[in-house]
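Subject: Structure handover

Hello,

Here is the structure I said I would pass on. My notes on it come after the files.

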Amino acid sequence: MTFVHVAIHQVTHICPANPEPHVVDTRRVIVALIPGGPCRQPINVRLNDVTVPVACGRRLPTDRQCPACKVIVIQDRDVIITHLGYEGPQHLAPRTAA
């Protein structure tokens with residue numbers, strides 16, 4: 001199995017349209033990639049009178065692929081959040097208690 005480890009980073013802000021903090025950008029970054037190796041059940045495909053072996057991961061649905069061709073995506077439990085604060089015209093900025 002090929003494992004793809006993904007980290008998530010979200011950017012939030014507050015604006016005049018929505019005074020509650022909300023997500024404005026989400027980025028996903030591949031942190032690690034562990035390949036599963038060569039295909040264990042290649043499929044023979046005929047191409048111009050020549051038979052060529054092709055990995056089953058390129059031709060078959062996921063439930064029929066060999067273990068080496070399957071891809072599993074692992075998402076980080078911890079999501080990195082960056083809060084930008086208020087973004088908008090200053091005369092519409094929310095008042096803060098002093």
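The model is a predicted one. The notes cover two stretches of loop, one on either side of strand S3 (43-47).

After S3: the loop that leads on to strand S4 (50-54) contains Asn48, and Asp49 lies in that loop as well. The backbone here may interest you. Asn48 is not a glycine, yet its phi is positive, at about 50°. Asp49, also a residue other than glycine, has a positive phi too, near 65°. As for the side of solvent accessibility, Asn48 has a relative accessible area of 73% and is therefore exposed, the cut-off being over 50%. Asp49 is at 66% relative accessibility, so Asp49 counts as exposed too.

Before S3: Pro42 sits in the loop that joins strand S2 (18-34) to S3. Is Pro42 buried, partly exposed or exposed? Its relative accessible area is 47%, so Pro42 is classed as partly exposed; that class runs between 20% and 50%.

Which residues does Pro42 touch, once neighbours within four places in sequence are left aside? The contacts are with Pro53, Val54 and Cys56. Of these, Pro53 and Val54 belong to strand S4 (50-54). One further pair is worth listing: between Pro42 and Arg59 there are 9.4 Å from C-alpha to C-alpha, at a separation of 17 residues in sequence.

That is what I have for these loops.

Regards

Conventions: Residues are numbered from 1 along each chain as its sequence is written. This is a predicted model: local features need pLDDT of at least 70, side-chain atom pairs count only at pLDDT 80 or more; totals for chains, interfaces and linings use all residues. Side-chain values use heavy atoms; hydrogens and water are left out. Helices (H or I, at least four residues) and strands (E, at least two) are DSSP runs, numbered from the N terminus. Buried means under 20% relative accessible area, exposed over 50%, partly exposed in between (1.4 Å probe, protein chains only). Contact means heavy atoms within 4.5 Å.
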